[in-house]
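The following exercises are to be worked with the sequence and the coordinates at hand. Each task is followed by a solution in steps.

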Protein chains: 2
Amino acid sequence: MSDTVVPLEGRAAARRKAASGASLDPLHGLVADDLRAVNGVILDNMQSSVMLISELAAHIVAAGGKRLRPMMTLGSARLCGYTGKRHIDLAACVEFIHTATLLHDDVVDDSALRRGTATANALWGNKPSVLVGDFLFSRAFQISVADGSLRVLGILADTAATLAEGEVMQLTTSNDTETSEAAYMKVVTAKTAALFAAACQLGAVVAERSAAEEEALRSFGLNLGIAYQLVDDALDYGAREAVLGKTVGDDFRDGKITLPVVLAFRRGDDEERAFWRRTMEEEQQDDGDFAHAMALLTRHDAIADSVERARHYSAMARDALGLFPASEAKDALLDVVDFCTERVH
Amino acid sequence: MSDTVVPLEGRAAARRKAASGASLDPLHGLVADDLRAVNGVILDNMQSSVMLISELAAHIVAAGGKRLRPMMTLGSARLCGYTGKRHIDLAACVEFIHTATLLHDDVVDDSALRRGTATANALWGNKPSVLVGDFLFSRAFQISVADGSLRVLGILADTAATLAEGEVMQLTTSNDTETSEAAYMKVVTAKTAALFAAACQLGAVVAERSAAEEEALRSFGLNLGIAYQLVDDALDYGAREAVLGKTVGDDFRDGKITLPVVLAFRRGDDEERAFWRRTMEEEQQDDGDFAHAMALLTRHDAIADSVERARHYSAMARDALGLFPASEAKDALLDVVDFCTERVH
């Protein structure tokens with residue numbers, strides 16, 4: 001991806017669109033019935049004779065989230081003119097893999113809040129979170145076995161392995177201020193973008209579209225996923241908790257190196273680097289350190305440029321859909337791209 | 001299973017055999033070449049471009065273990081006269097699922113030692129253990145997708161879900177002295193026996209044997225797995241650390257309710273029950289409590305009777321192989337059953 005030139009028009013169009021208030025609403029409206037069916041599959045498959053599993057699962061369902069990843073499967077299937085029912089179950093698989101990853105992520109991060117709600121590990125402890133994550137992960141494979149396609153199973157198994165590799169990579173870059181932008185991009189691609197890529201690809205797979213179209217949707221999802229994560233990283237340094245349900249400064253406090261810090265560290269002088277090392281590598285943080293970090297990030301345009309980097313991937317995501325003729329589904333998917341970049345404002 | 005009558009001859013034969021020094025050696029000798037191939041598949045698939053994964057994986061491989069579960073797949077395939085190569089990869093899948101479960105188990109249990117070696121979570125912390133477990137689990141599915149059988153994938157996905165349910169059930173019975181024998185048996189069946197059942201069943205599946213023979217091998221594995229776990233529970237109250245690589249009294253100190261305690265609690269008087277509640281439910285343990293627990297377990301024959309219960313399942317495991325004509329493989333598998341019960345002495 002790194003050697004792809006971003007068309008200027010694409011970038012300019014993105015900015016215009018960003019000002020216009022893109023949202024998930026068009027896609028949500030288009031796939032509303034399918035999404036209800038997906039929620040039904042999710043609820044059915046979260047049931048277990050083991051009460052604690054059902055309880056914890058119900059908490060996660062209630063905590064909700066945007067269901068962005070399954071919506072991408074539904075939207076992609078719609079874009080491909082698919083009229084069957086397989087995309088419902090597969091969208092649920094995608095959400096289960098995502099939820100399992102979140103549960104394990106929160107254990108790994110010791111997070112107390114996710115989307116403004118107490119995390120499962122904060123309420124029940126780490127143990128059930130690890131195990132219920134395993135259960136949901138297994139359920140995803142059970143559902144896809146029932147779907148009956150080795151092709152689909154291969155995509156999901158490969159994606160799950162890549163997600164785990166991305167999470168481990170993130171552990172090894174965490175607290176390492178020397179992390180290069182390239183290394184960080186590998187983490188983002190594996191831990192976030194790979195699942196978006198699979199979610200979109202599955203829409204083309206069930207519709208039995210050409211390899212070129214399948215690849216186009218995969219590329220769309222991959223680049224969208226990267227843009228989404230980079231904006232998320234920027235938001236961690238620049239939005240209000242009340243709006244996002246995410247504590248601003250979480251990444252800073254956890255010593256989690258993300259793109260804004262990668263940029264500010266490289267652009268800073270020795271004194272600034274010493275600050276980043278103390279606060280993020282040694283995690284010795286005092287009152288006022290977060291404010292100072294914000295000042296450094298602002299001085300070096302590190303947050304704005306992270307969003308700018310996100311726009312590069314948004315532009316590629318949009319271009320990836322170029323193969324597909326105009327349609328309501330295409331417009332809705334393009335709106336998702338704009339939404340993901342725009343939510344930073 | 002609970003309504004099956006154990007043939008007296010079987011039990012008597014088991015005792016005779018137990019005195020004769022059964023071991024894993026016959027099975028080990030029979031499948032030695034296959035097991036080497038399995039170890040090769042395991043090593044190949046533990047590789048990752050992410051160094052920490054390869055490092056942690058190498059530690060787990062070095063820590064070794066008996067490879068009992070993959071050997072059951074190899075032995076079962078041999079029993080069924082299978083001459084192909086699929087059992088190699090599937091045995092590796094079984095070991096990967098087992099290893100992933102162990103990694104998550106050690107996180108859940110905060111274990112410091114496993115098989116006499118420091119656990120991965122003790123050396124690297126909980127985070128990599130959770131994530132590398134996820135990685136190995138995903139690898140198991142990647143390998144079985146490459147094997148290409150939906151039947152096999154279904155067995156593995158169902159087994160993985162059952163394992164997770166069993167682990168969660170165990171959490172909910174942990175520290176609960178009121179746990180019934182029936183509830184405890186459900187935990188053991190799900191968290192331990194299900195994987196033995198799948199391991200053995202897969203041998204029949206690759207050999208394309210009849211449903212009756214497949215079911216017989218599944219039942220063999222299930223009952224063997226139950227016996228194995230019950231003996232393990234008994235060993236936790238009665239063997240030396242140096243021999244086992246397992247700290248005696250771990251379960252007691254963790255407040256983990258196992259069959260010996262289930263029996264002693266029910267057979268005890270009010271004062272004794274108060275002791276079990278204080279030490280295992282409230283986990284308030286003083287010097288001398290473990291010795292007192294041992295005295296109570298001995299007074300009520302709770303350890304010996306746990307082994308006696310194990311013999312019941314061993315007998316059923318042996319009978320499950322009755323369908324198969326005499327062969328070197330059958331003798332070797334029967335020796336595994338005897339070994340599992342006998343290692344208590």
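## Exercises on a predicted model

A:R277 is partly exposed, with a relative accessible area of 30%. The model is predicted, and the exercises below treat its salt bridges, one helix, one loop residue and the relation of its two chains.

**Exercise 1. Determine which parts of chain A are tied together by the salt bridge between A:E178 and A:R277.**

Step 1. A side-chain nitrogen of Lys or Arg must lie within 4 Å of a carboxyl oxygen of Asp or Glu. For A:E178 and A:R277 the N to O distance is 3.6 Å, and the pair forms a salt bridge.

Step 2. A:E178 belongs to the loop between α9 (150-173) and α10 (181-206) of chain A, whereas A:R277 belongs to helix α15 (residues 270-281) of chain A; the pair therefore ties together parts that are 99 residues apart in sequence.

Step 3. A:E178 has a relative accessibility of 45% and counts as partly exposed. A:R277, at 30%, is also partly exposed.

**Exercise 2. Carry out the analysis for the side chains of A:R267 and A:D305.**

Step 1. These side chains meet in a salt bridge of 2.8 Å, N to O.

Step 2. A:R267 is in helix α14 (residues 259-267) of chain A and A:D305 in helix α17 (residues 302-320) of chain A, so this pair ties together parts 38 residues apart in sequence.

Step 3. A:R267 is partly exposed at 35% relative accessible area, and A:D305 is partly exposed at 23%.

Step 4. For context, the salt bridges over all chains number 26.

**Exercise 3. Classify B:R278 and B:D286 as buried, partly exposed or exposed, and identify the network in chain A.**

Step 1. The closest N and O atoms of B:R278 and B:D286 are 3.9 Å apart, and the two residues form a salt bridge.

Step 2. B:R278 has a relative accessible area of 26% and is partly exposed. B:D286, at 54%, is exposed.

Step 3. In chain A, salt bridges that share partners join A:R278, A:D286 and A:D289 into one network.

**Exercise 4. Establish how the buried residues of helix α15 of chain B are arranged about its axis.**

Step 1. The helix spans residues 270-281, and its buried residues are B:E272, B:F275, B:W276, B:T279 and B:M280.

Step 2. Viewed down the axis of α15(B), these residues fall within an arc of 95°, so they line one face of the helix. An α-helix has 3.6 residues a turn, so residues three or four places apart point the same way.

Step 3. The face turned away from the buried side of α15(B) carries the exposed residues B:D270 and B:E271.

Step 4. The cover over the buried residues of α15(B) includes α13 (250-254), α14 (259-267) and α16 (289-299) of chain B.

Step 5. At the N-terminal end, B:D269 caps α15(B), with a side-chain oxygen 3.2 Å from the backbone nitrogen of B:E271. Just after the helix, B:E283 adopts a positive phi of about 50°.

**Exercise 5. Describe the surroundings of A:R67.**

Step 1. A:R67 is located in the loop between α4 (51-63) and α5 (68-79) of chain A.

Step 2. Its relative accessible area is 12%, and A:R67 is buried because buried means under 20%.

Step 3. Apart from neighbours within four places in sequence, A:R67 contacts A:L35, A:N39, A:I42, A:V61 and A:E95. With A:E95, the side chain of A:R67 makes a polar contact of 3.0 Å.

**Exercise 6. Determine what rotation superposes chain B on chain A.**

Step 1. A rotation of 180°, with 0.0 Å of shift along its axis, superposes chain B on chain A at an RMSD of 0.0 Å.

Step 2. The two copies are thus related as by a two-fold rotation axis.

Step 3. Of the interface residues of chain B, 100% are also interface residues in chain A, so the copies meet through the same surface.

Key: Residues are numbered from 1 along each chain as its sequence is written. Chains are lettered from A and ligands numbered from 1 in the order in which they are written. This is a predicted model: local features need pLDDT of at least 70, side-chain atom pairs count only at pLDDT 80 or more; totals for chains, interfaces and linings use all residues. Side-chain values use heavy atoms; hydrogens and water are left out. Helices (H or I, at least four residues) and strands (E, at least two) are DSSP runs, numbered from the N terminus. Buried means under 20% relative accessible area, exposed over 50%, partly exposed in between (1.4 Å probe, protein chains only). The arc is that of the directions from the helix axis to the C-beta atoms. Contact means heavy atoms within 4.5 Å. A polar contact is a pair of N or O atoms within 3.5 Å; within protein, one must be able to donate a hydrogen and the other to accept it, and residues adjacent in sequence count only if both atoms are side-chain atoms. Copies are superposed by least squares on the C-alpha atoms of residues with pLDDT of at least 70 in both.
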